[in-house]
Structure formats: structure tokens, C-alpha cells
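Q: I would like to learn how to read a fold from its strands, helices and side-chain pairs. Could we go through one together, feature by feature?

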Amino acid sequence: MTQAWVILTSRDGRDIAAPTESQLASVLSDLFGPGKNEVDSATLRFGYADGLMYAAEVSSTGDVRFEEWSDADCELALAKPRRMKADKSAALQLWCMLARRQVGKIRDLAWASEA
């Protein structure tokens, strides 16, 4: 693999390249903040310039979706999307693992089983 990248897309569509843990926490605080009437989401993506991409989307309802792709264009899914419920703290832990390229640890989390 060549050069790796990490991009956080906040609920308002703003992209943050190479986000810090503080920026991840801030986006999640905004997402899970009080007084939200609509369902919003934010996504952290990690990938390589020449291939693999992983995405962890977190919604304001606590729904988490983790996807594995062959490339940034999402041409070929490498696995079925994994889903779970998470509070703000668990979502931050997941995003921190993804930002640190710890995909194996993410795969080992307690994902909901598909029916």
C-alpha cells in the first residue's frame, strides 16, 4: 500500500483531513448534542491512495455502520456492512481505532448479527 489518508465528514458536509482526536470528539459532540430533531450522521474514512478504503458512519441516533471497500470509489464491497448501536464514547473509540488504522480491532468489535 502507498500513502494513507483519513478524512472526517461532519454532519454539515465539511471535510476535515487528518482529524485530531479532539476534532473527532467535537464532531461527535455536535452530532449527539441536545435539541436535535432530525437524524444526522458523520463519517470517518480511512484509505490508501492506491486501494482499500474503510468507512465508519455514526448517526445521531447511535447507529453505526462500518464498510470495507476495494477503493475510494466504492467499486467493490469487501465485506457486508457491519452495524451496531453506540453512544458518543463508544463511537469515539471506534473512530480513534480507524484513524490509527486498527481495522482488525474494529472487525473484532461486538457487531450486530444479520438476520
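A: Let us begin with helix packing, keeping in mind that this is a predicted model. The crossing of α1 and α2 is right-handed.

Q: Which numbers describe two packed helices, and what are the angle and the axis distance for α1 and α2?

A: In general, two packed helices are described by the angle between their axes and the distance between the axes. In this model, helix α1, which covers residues 21-31, packs against helix α2, residues 88-99, at an angle of about 145°, and their axes are 10 Å apart.

Q: Which residues of α1 and α2 meet?

A: From α1 come E21, L24, A25, V27, L28 and S29, and from α2 come K88, A91, L92, W95 and C96. Sorted by class, the contact of α1 with α2 contains 8 nonpolar residues, 1 polar residue and 2 charged residues.

Q: What is the strand order of the sheet, and is the pairing parallel or antiparallel?

A: The sheet is open and has 6 strands in the order β2-β1-β3-β4-β5-β6, with antiparallel pairing. The edges are held by β2 (15-17) and β6, each of which has a single partner strand, so one side of each is left without a neighbour in the sheet. On average, and with direction ignored, neighbouring strands of this sheet are turned by 15° against each other.

Q: Over how many bridges do β4 and β5 pair, and which residue of β5 stands opposite A56?

A: Strand β4, residues 51-59, pairs with β5 in the antiparallel sense over 6 bridges, and the residue of β5 that stands opposite A56 is F66.

Q: Which strands does α1 touch, and which does α2 touch?

A: Helix α1 packs on the sheet and touches β1 (4-9), β2, β3 (41-48) and β4, and the direction of α1 makes about 150° with that of β3. Helix α2 also packs on the sheet, where it touches β1, β3, β4 and β5, and the direction of α2 makes about 165° with that of β4.

Q: Turning to charged side chains, how many salt bridges does the structure hold, and which parts does the pair of R100 and E21 tie together?

A: The structure holds 9 salt bridges. In one of them the side chains of R100 and E21 meet at 3.6 Å, N to O. Since R100 lies in the loop between α2 and α3 (103-107) and E21 in helix α1, the pair ties together parts that are 79 residues apart in sequence. E21 counts as partly exposed, because its relative accessibility is 45%.

Q: Where in the chain are the partners R82 and E68, and is E68 buried or exposed?

A: The side chains of R82 and E68 form a salt bridge with an N to O distance of 2.5 Å. This pair links distant parts of the chain, with R82 in strand β6 (residues 82-85) and E68 in strand β5 (residues 63-69), 14 residues apart. E68 is buried, because its relative accessible area of 5% lies under the cut-off of 20%. Elsewhere, R11, D30 and D40 are joined into one network by salt bridges that share partners.

Q: And what are the accessibility classes of the partners E67 and R65?

A: The side chains of E67 and R65 meet in a salt bridge at 2.4 Å, N to O. E67 counts as buried at 17% relative accessibility, whereas R65, with a relative accessible area of 25%, is partly exposed.

Q: Which backbone angle deserves a second look at A18, and where does A18 lie?

A: The angle is phi, which is positive at about 50° in A18 although this residue is not a glycine. A18 lies in the loop between β2 and α1 and is exposed, with a relative accessible area of 59%. R101, likewise not a glycine, has a positive phi of about 65°, and its place is in the loop between α2 and α3.

Q: To finish with the start of the chain, which residues is T2 in contact with, leaving aside its neighbours within four places in sequence?

A: T2 is placed in the segment before β1 and, with those neighbours left aside, is in contact with Y48, A49 and D50. T2 counts as partly exposed at 45% relative accessibility. By contrast with these contacts, the C-alpha atoms of T2 and D12, which are 10 residues apart along the chain, are separated by 30 Å.

Definitions and conventions. Residues are numbered from 1 along each chain as its sequence is written. This is a predicted model: local features need pLDDT of at least 70, side-chain atom pairs count only at pLDDT 80 or more; totals for chains, interfaces and linings use all residues. Side-chain values use heavy atoms; hydrogens and water are left out. Axes are lines fitted to C-alpha atoms, for helices over the stretch in contact, and angles run from 0 to 180 degrees between N-to-C directions. Helices (H or I, at least four residues) and strands (E, at least two) are DSSP runs, numbered from the N terminus. A crossing is left-handed if the near helix is turned anticlockwise from the far one by less than a right angle, and right-handed if clockwise. Contact means heavy atoms within 4.5 Å. Ala, Val, Leu, Ile, Met, Phe, Trp, Tyr, Cys and Pro count as nonpolar, Asp, Glu, Lys and Arg as charged, and the others, Gly among them, as polar. A salt bridge is a side-chain nitrogen of Lys or Arg within 4 Å of a carboxyl oxygen of Asp or Glu. Buried means under 20% relative accessible area, exposed over 50%, partly exposed in between (1.4 Å probe, protein chains only). Two strands pair if DSSP finds at least two bridges between them.
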